[in-house]
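Colleague: Could we go through this model together, step by step, with the terms explained as we meet them?

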Amino acid sequence: MEQLQFRLKSPEETVQLGARLAEHLEPGDVITLEGDLGAGKTTFTKGLAKGLHINRVVKSPTFTIIREYKGRLPLYHMDVYRLEDSDEDLGFDEYFEGEGVTVVEWAHLIKDYLPEDRLAITIRLIDEDEREMTIEPIGDRANSVCEEFRNESISD
(Lines give C-alpha, C1' and ligand atoms only; values in the text may rest on other atoms or scores of the structure.)
Protein backbone atom coordinates (compact mmCIF):
# COMPACT_ATOMS: atom_id res chain seq x y z
CA MET A 1 0.00 0.00 0.00
CA GLU A 2 1.07 3.56 -0.59
CA GLN A 3 2.00 5.81 2.27
CA LEU A 4 -0.57 8.10 3.87
CA GLN A 5 -0.03 11.84 4.25
CA PHE A 6 -1.74 14.27 6.58
CA ARG A 7 -1.48 18.02 7.07
CA LEU A 8 -1.98 18.77 10.76
CA LYS A 9 -2.73 22.36 11.69
CA SER A 10 -2.43 22.11 15.49
CA PRO A 11 -1.15 19.92 18.31
CA GLU A 12 -4.78 18.97 18.96
CA GLU A 13 -5.11 17.57 15.42
CA THR A 14 -1.92 15.57 16.00
CA VAL A 15 -3.38 14.09 19.19
CA GLN A 16 -6.68 13.31 17.43
CA LEU A 17 -4.92 11.54 14.57
CA GLY A 18 -2.94 9.43 17.04
CA ALA A 19 -6.10 8.53 18.96
CA ARG A 20 -7.86 7.45 15.76
CA LEU A 21 -4.90 5.34 14.64
CA ALA A 22 -4.75 3.64 18.06
CA GLU A 23 -8.21 2.16 17.46
CA HIS A 24 -6.68 -0.04 14.73
CA LEU A 25 -3.68 -1.28 16.70
CA GLU A 26 -3.15 -4.75 18.12
CA PRO A 27 -0.57 -6.41 20.38
CA GLY A 28 2.84 -6.51 18.73
CA ASP A 29 2.29 -3.48 16.49
CA VAL A 30 5.37 -1.26 16.22
CA ILE A 31 5.40 2.41 15.24
CA THR A 32 8.62 4.24 14.50
CA LEU A 33 8.69 8.03 14.74
CA GLU A 34 11.14 10.34 13.02
CA GLY A 35 11.23 14.11 12.99
CA ASP A 36 13.21 17.06 14.28
CA LEU A 37 13.13 18.12 17.91
CA GLY A 38 9.75 19.71 18.54
CA ALA A 39 8.13 18.13 15.48
CA GLY A 40 5.40 16.46 17.53
CA LYS A 41 6.57 12.89 18.13
CA THR A 42 5.57 12.87 21.80
CA THR A 43 2.37 14.81 21.03
CA PHE A 44 1.42 12.08 18.55
CA THR A 45 2.23 9.42 21.16
CA LYS A 46 -0.08 11.21 23.61
CA GLY A 47 -2.83 10.72 21.03
CA LEU A 48 -2.03 7.02 20.73
CA ALA A 49 -2.24 6.77 24.52
CA LYS A 50 -5.60 8.52 24.50
CA GLY A 51 -6.89 6.08 21.88
CA LEU A 52 -5.60 3.16 23.96
CA HIS A 53 -7.52 4.48 27.01
CA ILE A 54 -4.40 5.32 28.98
CA ASN A 55 -5.18 7.83 31.71
CA ARG A 56 -1.64 8.70 32.80
CA VAL A 57 0.26 11.71 31.51
CA VAL A 58 2.57 10.66 28.68
CA LYS A 59 6.02 12.23 28.83
CA SER A 60 9.03 11.84 26.58
CA PRO A 61 11.21 9.01 27.88
CA THR A 62 14.40 10.80 26.81
CA PHE A 63 16.34 10.02 29.98
CA THR A 64 14.64 6.75 30.95
CA ILE A 65 14.68 5.37 27.37
CA ILE A 66 11.47 3.32 27.87
CA ARG A 67 8.21 4.23 29.62
CA GLU A 68 5.36 1.75 29.97
CA TYR A 69 1.68 2.67 30.23
CA LYS A 70 -1.34 0.45 30.85
CA GLY A 71 -4.55 0.81 28.88
CA ARG A 72 -6.65 -1.23 26.43
CA LEU A 73 -3.22 -2.44 25.33
CA PRO A 74 0.08 -1.65 27.04
CA LEU A 75 2.00 1.16 25.38
CA TYR A 76 5.78 0.94 25.35
CA HIS A 77 7.16 4.39 24.53
CA MET A 78 10.86 4.45 23.66
CA ASP A 79 13.13 7.39 22.98
CA VAL A 80 16.43 5.95 21.76
CA TYR A 81 18.10 9.30 21.03
CA ARG A 82 20.65 8.72 23.80
CA LEU A 83 21.63 5.32 22.37
CA GLU A 84 23.21 6.78 19.23
CA ASP A 85 26.72 5.59 20.10
CA SER A 86 25.69 2.46 21.97
CA ASP A 87 25.53 -1.13 20.80
CA GLU A 88 23.71 -2.13 23.95
CA ASP A 89 20.77 -4.48 23.40
CA LEU A 90 18.04 -3.42 25.80
CA GLY A 91 15.79 -6.38 25.02
CA PHE A 92 13.92 -4.61 22.25
CA ASP A 93 12.52 -7.92 20.95
CA GLU A 94 10.63 -8.42 24.22
CA TYR A 95 8.78 -5.18 23.57
CA PHE A 96 8.39 -5.59 19.80
CA GLU A 97 6.93 -9.07 20.23
CA GLY A 98 5.06 -8.30 23.44
CA GLU A 99 1.45 -7.82 24.40
CA GLY A 100 1.38 -4.12 23.67
CA VAL A 101 2.05 -1.41 21.11
CA THR A 102 5.61 -0.11 20.85
CA VAL A 103 6.46 3.43 19.76
CA VAL A 104 10.11 4.22 19.02
CA GLU A 105 11.25 7.83 18.68
CA TRP A 106 14.50 8.34 16.71
CA ALA A 107 14.14 4.77 15.45
CA HIS A 108 16.84 5.13 12.78
CA LEU A 109 19.38 4.90 15.61
CA ILE A 110 18.42 1.26 16.29
CA LYS A 111 17.50 0.26 12.74
CA ASP A 112 19.25 -3.11 13.08
CA TYR A 113 16.93 -4.06 15.93
CA LEU A 114 13.64 -2.97 14.33
CA PRO A 115 11.11 -5.58 13.26
CA GLU A 116 10.44 -5.96 9.57
CA ASP A 117 6.73 -5.15 10.03
CA ARG A 118 6.06 -1.64 11.31
CA LEU A 119 4.44 1.71 10.67
CA ALA A 120 7.19 4.21 9.87
CA ILE A 121 5.94 7.70 10.66
CA THR A 122 7.78 10.91 9.79
CA ILE A 123 6.64 14.27 11.12
CA ARG A 124 7.92 17.37 9.38
CA LEU A 125 7.62 20.92 10.72
CA ILE A 126 5.87 23.32 8.36
CA ASP A 127 5.67 26.20 10.85
CA GLU A 128 5.08 26.75 14.57
CA ASP A 129 1.74 24.90 14.61
CA GLU A 130 1.49 23.09 11.30
CA ARG A 131 2.99 19.67 10.59
CA GLU A 132 3.07 17.20 7.72
CA MET A 133 2.85 13.55 8.76
CA THR A 134 3.70 10.63 6.51
CA ILE A 135 2.76 7.09 7.50
CA GLU A 136 4.62 4.43 5.55
CA PRO A 137 3.50 0.84 6.08
CA ILE A 138 6.33 -1.69 6.07
CA GLY A 139 5.10 -5.29 6.03
CA ASP A 140 1.76 -7.08 5.77
CA ARG A 141 0.34 -6.16 9.18
CA ALA A 142 1.32 -2.50 8.75
CA ASN A 143 -0.32 -2.50 5.32
CA SER A 144 -3.59 -3.78 6.75
CA VAL A 145 -3.54 -1.16 9.54
CA CYS A 146 -2.97 1.59 6.98
CA GLU A 147 -5.71 0.24 4.73
CA GLU A 148 -8.23 0.19 7.61
CA PHE A 149 -7.15 3.65 8.72
CA ARG A 150 -7.32 5.06 5.18
CA ASN A 151 -10.81 3.63 4.68
CA GLU A 152 -11.95 5.13 7.99
CA SER A 153 -10.45 8.52 7.06
CA ILE A 154 -12.23 8.49 3.68
CA SER A 155 -15.61 7.73 5.26
CA ASP A 156 -15.27 10.56 7.84
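Colleague: At what angle do helix 1 and helix 2 pack?

Modeller: This is a predicted model, in which local features need pLDDT of at least 70, side-chain atom pairs count only at pLDDT 80 or more, and totals for chains, interfaces and linings use all residues. Residues are numbered from 1 along each chain as its sequence is written, and side-chain values use heavy atoms, with hydrogens and water left out. Helices (DSSP runs of H or I, at least four residues) and strands (runs of E, at least two) are numbered from the N terminus. Helix 1, residues 11-22, and helix 2, residues 41-51, have axes (lines fitted to C-alpha atoms over the stretch in contact) that lie 6 Å apart, and the angle, on a scale from 0 to 180 degrees between N-to-C directions, is about 45 degrees.

Colleague: Which word describes helix 1 relative to helix 2?

Modeller: Angles under 35 degrees count as roughly parallel, over 145 as roughly antiparallel, and 65 to 115 as roughly perpendicular, while the rest are oblique. Since the angle here is about 45 degrees, helix 1 is therefore oblique to helix 2.

Colleague: Which element gives the most to the largest nonpolar core?

Modeller: A nonpolar core is a set of buried (under 20% relative accessible area, 1.4 Å probe, protein chains only) Ala, Val, Leu, Ile, Met, Phe, Trp, Tyr and Cys residues joined through side-chain atoms within 4.5 Å. The largest has 30 residues, and those touching the most other members are Leu21, Ile31, Phe44, Leu119, Ile121 and Ile135. Elements supplying at least two residues each include strand 1, helix 1 and helix 2. The most, four residues, comes from helix 4.

Note on methods:
Buried means under 20% relative accessible area, exposed over 50%, partly exposed in between (1.4 Å probe, protein chains only).
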